[in-house]
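Got the model open in your viewer? Let's walk through it stop by stop, picking a few residues at a time.

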Amino acid sequence: MSELLARMGSRARAAARSLAAATAGEKNRALEHMAQALLEQEEAILAANRQDVEAAAAGGMTKSLLDRLTLTPARIAGMAEGVRQVAALADPVGEIVEGGCRPNGLRIQKTRVPLGVVGIIYEARPNVTSDAAALCLKAGNAVILRGGKEALASNAAVAQALRAGLAAAGFEPDAVQLLTDTSRETANAMMRLHGVIDVLIPRGGAGLIRAVVENATVPVIETGVGNCHIYVDRSADIPMAAAIAVNAKASRPSVCNAAETLLVHEDIAPRALPVIAEGMKKAGVQLRGCERTREILKDPAVLPAAEEDWATEYLDYILAVKVVPSLEAAVQHIAAYGTGHSECIVTDSHAAAERFTAMVDAAAVYVNASTRFTDGGEFGMGAEIGISTQKLHARGPMGLRELTTVKYIVYGNGQIR
């Protein structure tokens, strides 16, 4: 397997060198061909996806995770549109970040350049295959993809379409490669391709991300675990709070920007909790509440919350609920259990909003808006490569600029030192 990965890496590095010199127009043409190939090969992609979905359902995959795995004609059209949206974005490669002339006449330009070869390890979301390939290509990078076994047939069909599009545009297809061996051994080998892969990006659950961070010798950008909170402040507009909380939890619970815990100030809890709970009930969300929450709601369907509930990323129709005595207590709870992804305060107080946004340490902090907006498309970046929860190089939704680094280009006319 190490020999196969080394060969894939060698081909990827060759493709990356060629991509580094491609113009924005050339890359955009390739992306257009890739988008068109997804549409032209829709039947083959859907047939492959049906195999994956049937096998996953037989294996007991949850409803919410099956939703993430399932492709439809509309979702494939959305994937193609996502590729075209990336083509429409400004090309960051070649951008002069800063520069100037030294007293000796040297002209120094700090210039944005591709990372080189990007490795991505991800789970059962076939749309990641096209999103990642499109973003990496536009930023001038080759990419080696390793998806989860649950989506292997889907990913292979999508990758085949993307490579066909690259070839039709006159690009080296090995700019996009899929590792079809989904064993743990191949993942571990990929994590150790130092000198072949320039950066590794894991996209998936806590277990996957922890394994990559702990075992990789390749530089890693940590992404995505989302134990996100909605805090309803004492001065919140209750209908607004209910709408935001229900949307953040139930609009698509299987994604990392979905809310997992609701915190409610004790002064507003007796009035706000029944309204929010009713909305959650209609959306099919099960509540797990603290003792005060259960006293207020008086509903046997609200289960007692255990300590592990505060730390759980459910990715399902389950919400932990806690009544807190103050904004500071909410911030302390988030500091103890949050994952640095997305946090929200619902409040009519500007002072409370300012205090919350200053004290909460997360990639995205919202005032009176759903956490579900933490997304490259919603932030105007086009498709995203992931949500970075670390603080170095990239934080939050990672678009094209986050897939580049910088190079100092120095122009002289004979200077020596």
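Start by selecting strands β3, β4, β5 and β6: these four make an open sheet, lined up as β5-β4-β3-β6, and their pairing is parallel. Helices (H or I, at least four residues) and strands (E, at least two) are DSSP runs, numbered from the N terminus, and two strands count as paired if DSSP finds at least two bridges between them. You're looking at a predicted model, where local features need pLDDT of at least 70 and side-chain atom pairs count only at pLDDT 80 or more, while totals for chains, interfaces and linings use all residues. Residues are numbered from 1 along each chain as its sequence is written, and side-chain values use heavy atoms, with hydrogens and water left out.

Which strands stand at the edges of this sheet? Those are β5 (176–178) and β6 (199–203); each has a single partner strand, so one side of each is left without a neighbour in the sheet. On average, neighbouring strands here are turned by 20° against each other, direction ignored.

Now zoom in on β4 (residues 142–146), which pairs with β5 in the parallel sense over three bridges. Click I144 and you'll find Q177 of β5 opposite. Then add helix α7 (residues 152–168), which packs on the sheet and touches β3 (117–122) and β5; contact means heavy atoms within 4.5 Å. The direction of α7 makes about 160° with that of β5. (Axes are lines fitted to C-alpha atoms, for helices over the stretch in contact, and angles run from 0 to 180 degrees between N-to-C directions.)

Next, the salt bridges. A salt bridge here is a side-chain nitrogen of Lys or Arg within 4 Å of a carboxyl oxygen of Asp or Glu, and by this rule there are 17.

Pick R84 and E32: their closest N and O atoms are 2.9 Å apart. This pair links distant parts of the chain, with R84 in helix α5 (residues 73–88) and E32 in helix α2 (residues 24–40), 52 residues apart. Buried or exposed, or in between? R84 is partly exposed at 25% relative accessible area, and E32 is partly exposed too, at 36%. The cut-offs: buried is under 20% relative accessible area, exposed is over 50%, and partly exposed is in between (1.4 Å probe, protein chains only).

Move on to E95 and R112, a salt bridge with closest N and O atoms 3.5 Å apart. E95 sits in the loop between α5 and β1 (96–101), and R112 in strand β2 (residues 107–114), 17 residues apart. E95 is partly exposed at 27%, whereas R112 is buried at 14%.

Then select E98 and K110, whose side chains meet in a salt bridge (3.7 Å, N to O). E98 lies in β1 and K110 in β2, so this pair ties together parts twelve residues apart in sequence. E98 is partly exposed, with a relative accessible area of 47%. For one more selection, try R11, R163 and D174, which are joined into one network by salt bridges that share partners.

For the last stop, select E307 in helix α13 (residues 307–310). E307 is partly exposed, at 49% relative accessibility. Add C290 as well: E307 and C290 are 17 residues apart in sequence and 9.7 Å apart in space, C-alpha to C-alpha.
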